[in-house]
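Thanks for passing this one along. Below are a few friendly notes to read with the model open beside you.

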Amino acid sequence: MIFAGEALDPGRLRAWYERHADNAPTLVNMYGITETTVHVTHLALERGHADEPYGSPIGTPLADLRGYVLDEWLRPVPSGLAGELYVAGPGLARGYISRPGLTAGRFVADPFGVPGTRMYRSGDLVRRRADGTLEFLGRADDQVKVRGFRIELGEIESALVRHPAVAQAAGVVREDHPGDQRLAAYVVPAGERRVTGEQLREFAAQWLPTHMVPGAIVTLDALPLTVNGKLDRRALPAPELRDLSEGRAPRTPREAVLCGLFAEILGSPAVSIDDDFFALGGHSLLATRLVGRVRAELGVDLPIRAVFEASSVHRLVRRLDEARPPRPVLRRRELPDRMPLSYAQRRLWFLSRMEGPSATYNMPLVLRLSGAVDVTAMRAALRDVAQRHETLRTVFGDHDGEPYQELRPACAIDLPVIDVAETELIAALEGEVRSGFDLSAELPLRARLFALPGRGHVLTLVLHHIAADGWSVAVLGQDLATAYAARRAGRVPSWPAHVRYADYATWQRELLGDPEDQDSEIAAQTAYWADALAGIPKSLRLPTDRPRPAVASHRGASFTFDIDAATHRALGELALSHRVTPFMVVQAALAALLTRLGAGTDIPLGIPIAGRGDGALNDAVGCFVNTLVLRTDTSDNPTFTQLLDRVKETSLAAYAHQDVPFEHLVEQLNPARSLASHPLFQVMLAFQNNPTGRFDLTGLTVKRHHLDAGVAKFDLSFAFRERHEGEPEGILGAVEYATDLFDRGTVERIVAQLLRFLGAVIADPGTPIGHVEVMTPDETHTVLQRWNDTTHPDPVPSLPEAFSRQAARTPERTAVTQGEVALSYAELDARVNRLARFLVDRGAGPERFVAVLLPRSPELIVAVLAVARSGAAFVPIDLDQPAERVAFTTRDSAAVFGLTTVGTARDVPLPPDVPWIALDDEDTCAAVAGYDGTALPTVPPQRTPAYAIYTSGSTGRPKGVVVEHRSLAG
């Protein structure tokens, strides 16, 4: 038996087994620390341990020790997650001699042991595997933070030693220039084989997120050690300056083009070939734009998946040769007299024709202006903008049911000035934004300038979605500012030429091809979606306050909320470490929460996508946005990490098929249509990374005023916008909800649960989604305790007690009649009491059962009440039941005896294993008559069985259901 050191060295272990290939002795890895009398854990090593993918396995604690894996608040962490190792048990040392301060800091109270016991804080990071063994990751003080990211140096070292040419590795953070922290790694080769630092960087990138890949990797003959045999970090040589620079410059023309495109899309002054697109702030929308710019500049059509899988220039350039041929070029072209609609416009046109003018698809812009407004210049500027963006001056006619675009002159845009008092302003604004459009006759832009007392004005621009989308707001703001400045200066604004919306609508059909052609792009993408959305739920089961109406009114409300900067930063770190986007993290969290709220495990979410993959559309106003349906599978209670993997795969596949218009998809898939809910999905999720609209109007101070339009297109619509000022500054959230279904309080509670869920999985992504607490402790207490409080008195009396009270109140009133027989309450009470005493003497009492097989008669009433008065429980048996069922019931209930009549015993075969008493038998009647007719001195104790009734047994063996007495007595 050979004992290894405290941390397994895979390179040395491989070498050991190579030297002892035929007859290797048993090798044991024993992790130990002096403070626990040397050894803590042990593990018998096998050959496979040399290829461990992560840290160093150290086994399980010795018999006299306990090993806790705790977080910084001394809470146990789940299996698979990193924490600090604390050791407790009889083998723990007493402390440090003459070092009370150090002893107190390291030997701390054991919250899991008996009072007075202690545990030792080892300072080592470990995690517990599913089989219970511990895995050594490195020192807790080796956890560093570089450029805002928390990094475990031990994970970097573990990734490097996976390479067969590396025997040992050490990761460090160097600051060779003040304020410039950089990751570096040092490796010792295994044998004669040598690999370059760049090869090792690429190897490490297979296992590590980009921000954890060292900027420089230096090969040494041996790692420098202290006299105690520990790594001497101060003796590590400084890498060459070029290895720790901002990154490598482009080496080929293609790399140079990609670096320029990265910088352009990300808004960075310069990008190296090693910089990661997502680490520099990239997201799904920017990745789509990057693909479009690559298409325009290099003539190749990259799939968006390539950007996620190869997110730096030097890796992405290799994918160019695998790319598809370029798409048709979007350019100005000859247009027919009747210009076609885009697919998105066709759906909005159809909805407008079906529903009539409504505010459902209104896009209101309300701007409060301070300063002297030049009304003439403002009116002319609006017309200039409408002249440039033809979609703003378009009405929609139809010819034989086929819609077309019809342009109106820009002078059709007007800007009336309306005097309004401050107290009447909100009502006036609401009237504007909640008024619909007749698209066949009205332009899709309505402008009003409200003049307030003094010099204040409010400009309202209400657009119909058929003419604009969210991205268009920024373009509109920029162009209106340019035109207003020019008109105030007495000149006409000039803009570079750009493609028209009708050019786009024509190009869209050219790109997608004929849906009837099975080789067309639209047919291929539609086939993908038909498969991806097969069997999709008709509608989600949401925690609504009211049932869904037969026809949705589309009335809605909204409110905003904030996610703080710390959570924002942590969300970004989680996204980067799992090579997903923050949007994907939020999508996974929302889908998981909806599952927890009862929506099932198949969660379809509607996702708006900008639809501006071609750079020619960046400066255009129009409805380019498309909608994707991202279906999230939350079944089998996955960990949040596993769910992120599912979401990533689904999202990347969807992005690769994002061109097929949602409107066409609905037509082709033909889901069950309903005026009550939106087809294919009812919950929308948007991560608004498109440019925000700024209206910098010369001579005016402009403040955007957000006004609730009072509409809801979907049941719930969540929107998030990240705020960045160099560092993550938080996320602004908003939710729009259908008031047909939800009250504000319910939606606020859902939002609070989403934020709580998001915080929990960011802190611990290894947690199964079913284990995350979505309720606050107070809510849990309300549900489990406050709403289930059984300590108050129970006002319901037991059956015999209720009957006795009634008999005492109305002794002469008739209680039972049948034919000529009539019994008063006093007579019935006397009969019940005599029979009860008779039954008690024959074994009836609490926790015992008596079968009652009697026809409907006064005797049945007497028998049931008498059994209850005796304290026993009655088991009613139907006379029409077969003999097998009667036998099963009496046997299963363990009835002490049964009550019947002579005639019944003659007609129904009675089970012989139960004594039967015929109540109309002469001897029985005489015996009962001999008992006292007054009540028994006690009533049945509370919570004892009152009766047992059997289920029908339609799904299998009948089950006896026991009902207990509820009584103030006992």
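**Notes on the cavities and one helix**

1. Please keep in mind that this is a predicted model. A search of the whole structure turns up 7 cavities of 30 Å³ or more, and the largest cavity has a volume of about 430 Å³.

2. What lines the largest cavity? Its lining is made up of 32 residues. If you would like to find the centre on screen, look for R327, G611, G613, Q658 and D659, which lie nearest to it.

3. By class, the lining of the largest cavity has 17 nonpolar, 7 polar and 8 charged residues. Two helices, α6 (284-298) and α13 (501-512), each supply at least two residues of this lining. Of the elements that contribute, α13 gives the most, with 5 residues.

4. Now for helix α15, residues 565-577. How far apart should its ends be? At 1.5 Å a residue, its 13 residues should span 18 Å, and the end C-alpha atoms are indeed 18 Å apart, so the expected and modelled spans agree.

5. Both ends of α15 deserve a look. At the N-terminal end, D564 acts as a cap, with a side-chain oxygen 3.1 Å from the backbone nitrogen of A566. Just after the helix, R579 takes a positive phi of about 55 degrees.

6. Which residues of α15 are buried? They are H568, L571, E573, L574, A575 and L576. As a reminder for reading such a list, an α-helix has 3.6 residues a turn, so residues three or four places apart point the same way.

Note on methods: Residues numbered from 1 in each chain as written. Predicted model: local features only at pLDDT ≥ 70, side-chain atom pairs only at ≥ 80, totals over all residues. Heavy atoms only, no water. 1 Å grid on protein atoms, 1.4 Å probe; cavity = no way out; pocket = protein on both sides within 12 Å on 5 of 7 lines; lining within 4 Å. Points joined across faces, edges and corners; volume = space filled by probe spheres on them. Helix = DSSP H or I, 4+ residues; strand = E, 2+ residues; numbered from the N terminus. Nonpolar A, V, L, I, M, F, W, Y, C, P; charged D, E, K, R; others polar. Expected span 1.5 Å × (residues − 1). Buried < 20%, exposed > 50% of the residue type's maximum accessible area, 1.4 Å probe, protein only. Polar contact = N/O pair within 3.5 Å; in protein donor to acceptor, adjacent residues only side chain to side chain.
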